[in-house]
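Me: I would like a close look at one buried spot in this model and at the parts of the chain that surround it. Please go slowly, and finish by placing that spot within the whole.

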Amino acid sequence: MTWHRHLQDLAALILAFLWALTYGFHFGIENHSSKLISGLTLYRPKILLNDWIASAVNEWHPAFDYVAYWLFKIGPDGWAFGATNVLLITTGVFIAYKITTTLTNVGQPLGIFGLVMFGIVITNLQAPGLNYVYGVVLQPSTFGATGFLFAILFFLKSKYTLSGLSLAIGGIFHINFAILSIPAFGLAHLLVEEDELPTRLLKQLTLPGLCVLLSLPILLSVAGAEYADRASEIYLFIRAPHHYVTQQWVSEFIPLFGCVICAVASIAVALRPNVRTRYRALITSLSLIIGFGIAFTTLLFVPSVARLHLFRLAPMLLLLSIIGAASGIARILTDPKCTVTIPRALLFSFGALLISPWSLFGLAFLGIIV
């Protein structure tokens, strides 16, 4: 690696840090009102003795509770939570840069990453149903998302054992990521045109599968609890309809799939041939799973499908699509020899029109292609 590439990596890391600092250095707001209760009781056992949630509700994220305990010990006023969130967000966005350099065949990956950062800043990587890659506060999903991003990078590099290990580590902190990783990456492997499918699946899914098995006692205790059906109904329709009652916000998927269309139009133009197939397989897998979730929470509402929270994968699909579309734009702008067929240009333009609810992001894409 040349010094020039090192400087580009450093610049990308600084960009990632600056966004993470402005976005994620917070404490005591939003989900902290519920996600920190168990960690706080570990730190101060007598503080919530008569609190029902602290004493009677099953804890879903025990690994995060111990992280919270140590962060309370390091900084009781909360600065350690904000700093850790900034660190993990910086890591995740820098992984997005490394995904960009892995995918693109354009000579200046930092320039492409500038377009990717534009998309990140405009969207905050928030997808339908108030799902996001990173929240503004440190929570279990912060660790799960970081592990998932590492897994994507290693998958694209054909390092499937490391990809599976990343999924398992993220799943330890948030089991939903481990559960969803099995269909997401399993289907992606089925779509990849490579040999040794059983070996690839074994490398990819053994560790996250083990993580799910270790979490089965918690999952089964919740499913078999008294009044479990009534509790599920309250959770889906009263506590968190913004996550699960898709009929209320199904139109929010339009700009997401617009971004996917732009990425698909860019695959042949801008992506390296040796990773193109794996990228296409992954965004196809994520799109199919999200489409399945839409169908069985809108056309037909199946509570068990809703509880899987398949739409947690939507912001990952959004980020991958932004990277693919940005690579296509950069190739068109920087390579005079790059030819774009009329069908591909129309497809990209149609996707950009669908993105337009995201304001400048969609308009910029459309303006560049025109």
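Reply: A good place to begin is Ser 163, which counts as buried because its relative accessibility is 0%. Please keep in mind throughout that this is a predicted model, and that the values below are computed from it. Ser 163 has its place in helix α9, a helix that covers residues 160-173. If residues up to four places away in sequence are set aside, Ser 163 touches Ala 151, Phe 154, Phe 155, Phe 185 and Gln 204. The C-alpha atom of Ser 163 is separated by 14 Å from that of Leu 180, a residue 17 places away along the chain.

Two of these contacts, Phe 155 and Phe 185, lead into the aromatic side chains, and for these it helps to start from the total. The chain holds 21 aromatic pairs, counting rings whose centres lie within 6.5 Å. One of them joins Phe 64 and Phe 143, whose ring centres are 6.2 Å apart and whose planes meet at 65°, so this pair is edge-to-face. Phe 64 belongs to helix α5 (residues 62-74) and Phe 143 to helix α8 (residues 140-156), so the pair ties together parts that are 79 residues apart in sequence. Phe 64 is buried, and Phe 143 is buried as well. Phe 155 and Phe 185, the two contacts of Ser 163, also form an edge-to-face aromatic pair, with 5.6 Å from centre to centre and 75° between the planes. Since Phe 155 lies in helix α8 and Phe 185 in helix α10 (residues 175-191), this pair ties together parts that are 30 residues apart in sequence. Phe 155 has a relative accessible area of 0% and is therefore buried, and Phe 185, at 0% relative accessibility, likewise counts as buried. Beyond this pair, ring pairs link Phe 148, Phe 155, Tyr 160, Phe 177 and Phe 185 into a cluster, so that two of the residues touched by Ser 163 are named among its members.

The loop that leads into this helix can be read next. Lys 159 is found in the loop between α8 and α9, and with a relative accessible area of 41% it is partly exposed, whereas Ser 163 is buried. Gln 204 appears here too: its C-alpha atom is separated by 8.8 Å from that of Lys 159, although the two residues are 45 apart along the chain, and Gln 204 is also one of the residues that Ser 163 touches. Gln 204 falls within the range of helix α11, residues 197-214. Just before that helix, in the loop between α10 and α11, lies Glu 196, which has a positive phi of about 60° although it is not a glycine. Most residues other than glycine have a negative phi. Glu 196 is exposed, with a relative accessible area of 58%.

Helix α8 can also be followed to its last residue, since the helix ends at 156. There the C-alpha atom of Leu 156 is separated by 8.0 Å from that of Leu 103, and the two residues are 53 apart along the chain. Leu 103 lies in helix α6 (residues 79-103) and is buried, with a relative accessible area of 0%.

Finally, the whole chain gives this spot its setting. Its secondary structure comes to 20 helices and 2 strands. The radius of gyration is 21 Å, close to the 21 Å that the globule rule gives for 370 residues, so the chain is as compact as a globular protein of that length. Along its principal axes the C-alpha trace spans about 70 × 50 × 45 Å. Of the 370 residues, 50% count as buried, and Ser 163 is one of the buried residues. Among contacts between residues at least 6 apart in sequence, 77% join residues at least 24 apart. At the surface, the chain exposes about 17,000 Å², of which carbon and sulfur atoms supply 67%. As for charge, there are 21 positive and 15 negative side chains, and the centres of the two sets lie 9 Å apart.

Technical notes
Residues are numbered from 1 along each chain as its sequence is written. This is a predicted model: local features need pLDDT of at least 70, side-chain atom pairs count only at pLDDT 80 or more; totals for chains, interfaces and linings use all residues. Side-chain values use heavy atoms; hydrogens and water are left out. Helices (H or I, at least four residues) and strands (E, at least two) are DSSP runs, numbered from the N terminus. The radius of gyration is taken over C-alpha atoms; the globule rule is 2.2 Å times the number of residues to the power 0.38. Buried means under 20% relative accessible area, exposed over 50%, partly exposed in between (1.4 Å probe, protein chains only). Contact means heavy atoms within 4.5 Å. Accessible areas come from the Shrake-Rupley method with a 1.4 Å probe; for residues, only the protein chains shown count as cover. Lys and Arg count as positive and Asp and Glu as negative; His and the chain ends are not counted. The place of a charge is taken as NZ of Lys, CZ of Arg, CG of Asp or CD of Glu. Rings of Phe, Tyr and Trp (its six-membered ring) pair if their centres lie within 6.5 Å; planes under 30 degrees apart count as stacked, over 60 as edge-to-face and the rest as tilted.
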